[in-house]
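Hi everyone, thanks for coming. I'd like to walk you through a structure I've been looking at, so let's put it up on the screen.

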Amino acid sequence: MTKCFSFTASRDWWYRYTFSYAGLKSVTTNLGEGTTMHCWIPKIIKPAKPNILIHGFGANAMWQWGNYLRPLIPRFNVYVPDLLFFGESYTTHSERTEHFQAQCLKKLMESFEVQKMSLVGVSYGGFVGYSLASQYPDTIEKVVLCCSGVCLEEKDMKDGLFKVSDLDEAASILLPQTPDKLRTLVKMSFVKPAAAKSVPSYFIRDFIQVMCTHYIEEKRDLIQNILKDRQCSNLPKMNQPTLIVWGEEDQVFPLELGYRLQRHLGDNAEPVVIKNAGHAVNLEKTKEFLKHLKAFLTDKGPAVHDQNSHNSVKDHINGKNDGDC
């Protein structure tokens, strides 16, 4: 007998209900030229600054930001888009760069009459957010980048900075098509991924079938374009106040990339290292990440964090030459 029940699809439905119940509505916008983007937007606009939450690689925006709705929505106008080739967003355009993703996000927010905003980008979402802030400095007021290796270079792969040996291996993990690959992704993303070991393969295959089998080639192209010809020295500098949040034990984008980013941005950036956290720090340490996020977005500065961790960041940065990226 064929199994009809899908835990993943049910969970996705639950997230949709949660987003709607929290005061957001689902909107799909045709941006023209073969591009359509989906976004969760406020049902009622508050007299507060908008904030856009940009997801990374994974299921879709709902799965990555579901835990942040209740704390953020009462205070902010929250917009949660699906990037191109995730969720319900798609384009026939051939470009696969984060710059094009950012341009589409700008058009999307303009369609909602949003002229100024702050952004929060996690992992790949940080690449898109960085490009958005660089291209449109008058639109973006504050930037939060979480475990986003925007300062990586193409040579880093050859130099052994990453756990993976090449882009093909990276893509096979970031776009898992087998239970073993998904377990590897979880292991690399969390410090304590014990739960993944006990999850039956049936549920993992169900998740892969529902969430990981769409736009595979397009997503591979996105990964390829992240690294292609990338040099930190060519990365434009943002002038916006920026909060850099990193999991101390990130195995996807090592902490060294966070140090590079802070050196690159200089005094405009404030680093925060969260201990006992990996790449998925927004999921693994939600309360701690949220504490820093809310403090930064409400003009109170980063929340007070572990002083030893803070000092280690400063010592590491100060030990580098000012010209180092």
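**A walk through the model**

Let's start with isoleucine 73: leaving aside its neighbours within four places in sequence, it is in contact with Ala22, Leu24, Lys46 and Val78. Before I go on, please keep in mind that this is a predicted model. Where does isoleucine 73 sit? Its place is the loop between α3 (69–72) and β4. Is isoleucine 73 buried or exposed? Its relative accessibility is 8%, so it counts as buried, the cut-off being under 20%. Take lysine 46 from that contact list: 27 residues separate it from isoleucine 73 in sequence, and the two C-alpha atoms are 9.5 Å apart in space.

Now for the rings. How many aromatic pairs does a search of the whole structure find? The search turns up 19 of them. One of these is phenylalanine 19 with tryptophan 40: the ring centres are 5.2 Å apart and the planes make 55 degrees, so we call this pair tilted. Phenylalanine 19 belongs to helix α1 (residues 7–21) and tryptophan 40 to strand β2 (residues 35–42), so the pair ties together parts that are 21 residues apart in sequence. Both phenylalanine 19 and tryptophan 40 are buried.

Next comes phenylalanine 57 with phenylalanine 86. Their ring centres are 5.2 Å apart and their planes stand at 90 degrees, so this pair is edge-to-face. Here both partners come from loops: phenylalanine 57 from the one between β3 (50–54) and α2 (61–65), and phenylalanine 86 from the one between β4 (77–81) and β5 (90–91), so the pair ties together parts 29 residues apart in sequence. Phenylalanine 57 is buried, with a relative accessible area of 18%, and phenylalanine 86 counts as buried too, at 1%. Which residues form an aromatic cluster with these two? They are Tyr124, Phe127, Phe162 and Phe253.

Rings also bring us to the lysines. Lysine 106 is found in helix α4. What is its relative accessible area? The value is 12%, and because buried means under 20%, lysine 106 is buried. Beyond its neighbours within four places in sequence, lysine 106 is in contact with Leu132, Tyr136 and Thr139. With tyrosine 136 there is something extra to see: the charged end of lysine 106 sits over that ring, 5.1 Å from its centre. Another case of this kind is lysine 142, which lies over the face of phenylalanine 296, at 5.0 Å from the ring centre.

Helix α4 comes up again in the second largest pocket, which has a volume of about 260 Å³. Its lining is made of 19 residues, and nearest the centre lie Glu98, His99, Arg230, Leu235 and Pro236. Which helices each supply at least two residues of that lining? They are α4 (98–111), α5 (124–135) and α11 (216–227). Helix α5 gives the most, with five residues. For those of you who think in chemistry, the lining has seven nonpolar, eight polar and four charged residues.

Last stop, helix α8 (residues 179–189). Its buried residues are Pro179, Leu182, Leu185, Met188 and Ser189. An α-helix has 3.6 residues a turn, so residues three or four places apart point the same way. What covers the buried residues of α8? The cover includes α7 (167–174), α10 (201–211) and α13 (281–284).

That's my tour, and I'm happy to take questions.

Technical notes. Residues numbered from 1 in each chain as written. Predicted model: local features only at pLDDT ≥ 70, side-chain atom pairs only at ≥ 80, totals over all residues. Heavy atoms only, no water. 1 Å grid on protein atoms, 1.4 Å probe; cavity = no way out; pocket = protein on both sides within 12 Å on 5 of 7 lines; lining within 4 Å. Points joined across faces, edges and corners; volume = space filled by probe spheres on them. Helix = DSSP H or I, 4+ residues; strand = E, 2+ residues; numbered from the N terminus. Nonpolar A, V, L, I, M, F, W, Y, C, P; charged D, E, K, R; others polar. Buried < 20%, exposed > 50% of the residue type's maximum accessible area, 1.4 Å probe, protein only. Contact = heavy atoms within 4.5 Å. Phe/Tyr/Trp six-rings, centres within 6.5 Å; stacked < 30°, edge-to-face > 60°. Lys NZ or Arg CZ within 6 Å of the ring centre and 35° of its normal.
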